[in-house]
Each structure stands twice: as structure tokens, then as C-alpha cells.
Amino acid sequence: MSDPAQIRRVGFVGLGNMGGPMVARLLGDGFEVVAYDTAPAAIERAVEGGAVGANALEDAARGTDAIVLMLPNSAIVTAVVEQLRSAGALAEGLVVIDMSSSEPQRTRELAAELAQSGVALVDAPVSGGVRGAVGGKLTIMVGADDEQLARVRPVLESLGTVRHAGAVGAGHAIKALNNLLSASHLLATAEAMAAGTRFGLDPDVMLAVFNGSSGKSGSTENKYPNFIRTGRYDSGFGLRLMLKDMRIATSLAEQEGVPARLGVEAVELWSEAAESLEPTADHTEIARWIDQLVPPSDGITAPPPPGTGPMTS
Ligand code: NAD
């Protein structure tokens, strides 16, 4: 006999750069998906892939065992949950899986409110970008107790590798801290690349050396070669979304009494970039923005003497 607690029918809200391919993975693994987004075209794409299209938000929760949220931020997550709750669409026993990169403290508050009506909330934000979403290779940072984790695990394992971060809110906290690191690495790399190229260094040589040395990071191994050096700036992760995550992380540090001066400075620079770039700018545009702050080389800075080659340490 089948297990009644087993999740088979999943509501999915937020079918953007990440949610779209995540729905495709769930369908591929045999889950029934009821898909909703405020953009009708996103629902149409999900339906073409085999999902059931929800005519209204509530339809993504009614009759489903779990509802996944893949939305831009905590304010929207809270508004969606409120709408579902006031429509009476959150039945006792339902589990809400917030895979958005949300604010950990708000997540804890929301989980406590939902628990009063017998609805569980699990936070399960992801890393790995659009490629990870398409390939089912996301890293998923889960905030949940063991019982809820066991319940949602089959859904999450369809999307990537599960890491139990701790209690509710822990996933969102780690995610924000991870992105503060990632954004700081990218910023530092952009500054190093701008300085090195003006000194006359070949950017591809610089990247090759960094990637064989202690300066390597996801920025030097992935973002520069795939999205920046190619001039594509199309990773599918918006600059404003990254800035949101950085602010969550620096607020968390502040709340815990940690000065995080480097992080605060990084937030200021990314904020300046966000103000001067299009709202839809990809986060990898930060590298071009940094580069354009620097005037072109005046030709006075000498290239390295011939034969000295790239540094090895
Ligand atoms: P996106 O902007 O591409 O997609 C968000 C989707 O939510 C859109 O389709 C939008 O129409 C929909 N939406 C907005 N408000 C809604 C509402 N009230 N009801 C229903 N749908 C609504 O964003 P994304 O890149 O897919 O990111 C989603 C979340 O995942 C964010 O929290 C982001 O920080 C996080 N994230 C993104 C990436 C990435 O590489 N793109 C990686 C890891 C985490």
C-alpha cells in the first residue's frame, strides 16, 4: 500500500529563471505539478512541459501535498502565504517549501504562524544557478526538523543535493551568507582583473593563473569564463536579487553584533551598480560596471619586462 504521507502532487509558485526548469525536473521525476505565476506566459510554458496550469494562486495549494515557492523575496513570499491563508487554501497537513532566497528571521516568524494551523514551513534555498536547476544539480540548504526533512526529501532530491542546514530559517541564513561570499569574490575579482589588464596582463592568463592558485573562486572558475569573458552577461541571476541576498547577510551579521565591514562596503558598491544599471541587469554585469569605473590605461604603466612570465604564487 502506498504511504499517505508521500508527496506526489506539488503546487509550484514562481516559474521564473529558476522555477521554470525546476518544474521540468519534478515532472521528469514523475511528480504531478500544479504551476502558478503572476506572468501567464510562464504558466503556459510550464503547461507545455506537462504541468497543470493554475488559474489562480489558490489552485496551486488546493488538493496538493506540498507547495513550493520560488519567488523573488520574503515580502512576496509572505504576501503569497497570506493570500493562500485568507482564501482557506492551506489545509492542515500541507507543507510549504520556500526555496526562494528569503530572510531567515521572517521565515522563522512565518513558520511559527503557520504551525498554529497545522501547516509546516520548510526553507530550502538553492545554489547552482540556472544550469544547476536545469540539470537537477542544485545544492539545497534545508531548514527543517528531521520529520519534515524526511517528508520533503524526495521532492528536493529531484532537484539536487540536500544539505540539512539546521532548524527552520537555517537554510535561508546559510544561503544569504553564501551569496555575500560569492558577491564579494566577484567584486574582488573584477577589481583585480581591471588592475591587471591596465598593467598589461592578458586577462585569460590571469584567470588561468588564479585558477591554479589560491585566488580561485566560483567567479574565476565559472562566472568569468562563461558569462563575463564571453561578453554574454546572461547567467540568469539578477544583480538586484544578489544585492537583496547580500543585504540579508549583512543584516544578519549586524543582528549578531558582527561588524562585517568588508560585506557592508561590498553592499555599497553593488547598490551603486544597481542604481546605475537596468533593473533587469544580470549579476555578472558588476564586472563590466567595475571595469567601466576605471579610465583606460594612459600607457604610462609599463607591461612586465619580457621573459618574466606570469607569477606562480
Ligand atoms: P525570477 O525573477 O526569474 O522569477 C521569479 C518569478 O516569480 C517570476 O516568474 C515572477 O513573475 C514570479 N512572481 C513574482 N511575484 C509573484 C507572485 N506574487 N505570485 C506568483 N508569482 C510571482 O527569479 P529567479 O532568478 O527564478 O529567482 C527566484 C528566487 O531564487 C529568488 O529568491 C532568487 O534570489 C533565488 N535564486 C536565484 C538563482 C538564479 O541563478 N537565478 C540562484 C539561486 C537562488
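## A tour of two domains and four helices

Domain 1 and domain 2 bury about 1100 Å² between them, and 59% of that area is on carbon and sulfur atoms. Keep in mind that this is a predicted model. Why quote an area at all? The size of an interface is often given as the accessible area lost when the parts come together.

**Stop 1: the two domains.** Select residues 9-167 and colour them; this is domain 1. Give residues 173-293 a second colour; this is domain 2. The C-alpha centres of the two domains lie 28 Å apart. Now look at the contact between them. Domain 1 brings 15 residues to it, and domain 2 brings 14 residues. Which three residues of domain 1 supply the most buried area here? Show Ser-101, Pro-104 and Arg-131 as sticks. Together they supply 39% of the area that domain 1 buries against domain 2, more than any other three residues.

**Stop 2: α7 and α11.** Select residues 170-198 for helix α7. Add residues 261-276 for helix α11. Their axes come within 10 Å and cross at roughly 70 degrees. Angles from 65 to 115 degrees count as roughly perpendicular, so α7 and α11 are roughly perpendicular to each other. The crossing is left-handed.

Next, show the side chains. On α7, pick Leu-180, Ala-183, Ser-184, Leu-186, Leu-187 and Glu-191. On α11, they meet Gly-263, Ala-266, Leu-269 and Trp-270. How do these residues divide by class? Seven are nonpolar, two are polar and one is charged.

**Stop 3: α7 and α8.** Keep α7 on screen. Hide α11 and select residues 203-211, which form helix α8. α7 and α8 pack at an angle of about 130 degrees, with their axes 10 Å apart. That angle makes α7 oblique to α8. Which hand does the crossing have, left or right? α7 passes α8 in a right-handed crossing.

Four residues of α7 to show are Ala-192, Met-193, Gly-196 and Thr-197. Across from them in α8 are Pro-203, Met-206, Leu-207 and Phe-210. This contact of α7 with α8 has six nonpolar residues, two polar and no charged ones.

**Stop 4: α8 and α9.** Hide α7 and select residues 218-228 for helix α9. α8 and α9 pack at about 150 degrees, and their axes are 9 Å apart. An angle over 145 degrees counts as roughly antiparallel, so α8 and α9 are roughly antiparallel to each other. Their crossing is left-handed.

Which residues make the contact? α8 offers Leu-207, Phe-210 and Asn-211. α9 offers Thr-220, Glu-221 and Tyr-224. By class, the contact of α8 with α9 has three nonpolar residues, two polar and one charged.

**Last look.** Put α7 back and centre on Leu-207 and Phe-210 of α8. Both meet α7, and both also take part in the contact with α9.

Technical notes. Residues numbered from 1 in each chain as written. Predicted model: local features only at pLDDT ≥ 70, side-chain atom pairs only at ≥ 80, totals over all residues. Heavy atoms only, no water. Axes fitted to C-alpha atoms, helices over the stretch in contact; angles between N-to-C directions. Helix = DSSP H or I, 4+ residues; strand = E, 2+ residues; numbered from the N terminus. Parallel < 35°, antiparallel > 145°, perpendicular 65-115°, else oblique. Left-handed = near helix turned anticlockwise from the far one by under 90°. Contact = heavy atoms within 4.5 Å. Nonpolar A, V, L, I, M, F, W, Y, C, P; charged D, E, K, R; others polar. Domains from an automatic or database assignment. Buried area = accessible area lost by both parts, 1.4 Å probe.
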